[in-house]
Amino acid sequence: MFNIAAFLSYIFLTAYTPGPNNIMAMSNASNDGFKKSFKFCLGVLAGFFVIVVASAVFSAALYDFIPTIEPFMRFIGAAYILWLAWTILRDKPKNSNTKKVRLDPNCFFTGMVMQFVNVKVILYGITTFSTLVLPYFSGVWQVSLFILILTIVGFSGTCCWAMFGSIFSKVFAEHKKGLNIVMALLLVYCAVSILM
């Protein structure tokens, strides 16, 4: 029997706990404000939707291949998250004359592409569909509804972290170096936990 409490607990806890999307959204919003960071959040939404759809469609097939694919995806995801941590750690105030990092961390493209190496999102989709949805629902409309729910909840978590970053931007500006170190360490923690 479908356990709605377990489903909702899992998706909300996963969507609202620290992860690469949420930490980057908070960092972007604290630097540039919520309005400017919203394009990153929209990129997360687009990439997240694609990953959730792929997880739903290929969940059964991927289950057979996960032992081969998972270590490779973990390595790529951890490497990308460590690069994001390095980017945040090196972040300078906007009036600095230093060169910009090649890939703008606060843009639609970064938010979207990040999902394809974000092991948390990939495992979130696969786990949700293989253990909480597909054993109980198989109809196209039913699965589509779950895709929509997961996408909206994931997007709301990212936007919530971005709003938090925007609201506390003055506090963050005063303690920028310390905050960047904490956020970089959280991303390092995400990367290490992926490799465990």
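This report walks through a predicted model of one protein chain, from its overall make-up down to a few single residues.

## The chain as a whole

Let's start with the big picture. The protein chain has eight helices and zero strands, so reading from the N terminus the pattern is simply α-α-α-α-α-α-α-α. There are 196 residues in the chain, and buried ones make up 42% of them.

The accessible surface adds up to about 10,700 Å², with 74% of that area belonging to carbon and sulfur atoms. As for contacts, take those between residues at least 6 apart in sequence: 85% of them join residues at least 24 apart.

## Where H1 meets H6

Helix H1 covers residues 4-16 and helix H6 covers residues 140-167; their axes come within 8 Å and cross at roughly 35°. The crossing of H1 and H6 is right-handed.

Who does the touching here? On the H1 side you'll find Phe 7, Ile 11, Phe 12, Ala 15 and Tyr 16. H6 brings Phe 146, Ile 149, Leu 150, Val 153, Gly 154, Ser 156, Gly 157, Cys 160 and Trp 161. Sort the residues of this H1 and H6 contact by type and you get eleven nonpolar, three polar and no charged.

## Where H2 meets H6

H6 also has a crossing with helix H2, which spans residues 20-32: the axes of H2 and H6 come within 7 Å, at an angle of roughly 35°. The crossing of H2 and H6 is right-handed.

From H2, the residues in this contact are Asn 21, Asn 22, Ile 23, Ala 25, Met 26, Ala 29 and Ser 30. Facing them in H6 are Gly 157, Thr 158, Trp 161, Ala 162, Phe 164, Gly 165 and Ser 166. The contact of H2 with H6 splits into seven nonpolar, seven polar and no charged residues.

## Ser 37, in helix H3

Ser 37 is part of helix H3, which runs over residues 34-90. Is Ser 37 buried or exposed? Ser 37 counts as buried because its relative accessibility is 0%, and the cut-off for buried is under 20%.

A polar atom of the Ser 37 side chain lies 3.0 Å from the backbone oxygen of Phe 34. Setting aside residues up to four places away in sequence, Ser 37 touches Asn 28, Ala 29, Asn 106 and Ala 162. Two of these names have come up already: Ala 29 belongs to the H2 side of the contact with H6, and Ala 162 to the H6 side.

## Gln 115, in a loop

Next up is Gln 115, which sits in the loop between helix H4 (108-114) and helix H5 (119-133). Despite the loop setting, Gln 115 is buried, because its relative accessible area is 0%.

Which residue shares a 2.7 Å side-chain polar contact with Gln 115? The partner is Asn 21, a residue that also takes part in the contact of H2 with H6. Leaving out neighbours within four places in sequence, Gln 115 is in contact with Asn 21, Val 44, Gly 47, Phe 48, Ile 51, Val 121 and Ile 122.

## Ile 181, in helix H8

Finally, look at Ile 181 in helix H8 (residues 176-195). Ile 181 counts as partly exposed because its relative accessibility is 35%, and that class falls between the 20% and 50% cut-offs.

How far is the C-alpha atom of Ile 181 from that of Arg 90? The two atoms are separated by 9.3 Å, while the residues are 91 apart along the chain.

Notes:
Residues numbered from 1 in each chain as written. Predicted model: local features only at pLDDT ≥ 70, side-chain atom pairs only at ≥ 80, totals over all residues. Heavy atoms only, no water. Axes fitted to C-alpha atoms, helices over the stretch in contact; angles between N-to-C directions. Helix = DSSP H or I, 4+ residues; strand = E, 2+ residues; numbered from the N terminus. Left-handed = near helix turned anticlockwise from the far one by under 90°. Contact = heavy atoms within 4.5 Å. Nonpolar A, V, L, I, M, F, W, Y, C, P; charged D, E, K, R; others polar. Buried < 20%, exposed > 50% of the residue type's maximum accessible area, 1.4 Å probe, protein only. Polar contact = N/O pair within 3.5 Å; in protein donor to acceptor, adjacent residues only side chain to side chain. Areas by Shrake-Rupley, 256 points an atom, 1.4 Å probe, with all protein chains shown as cover.
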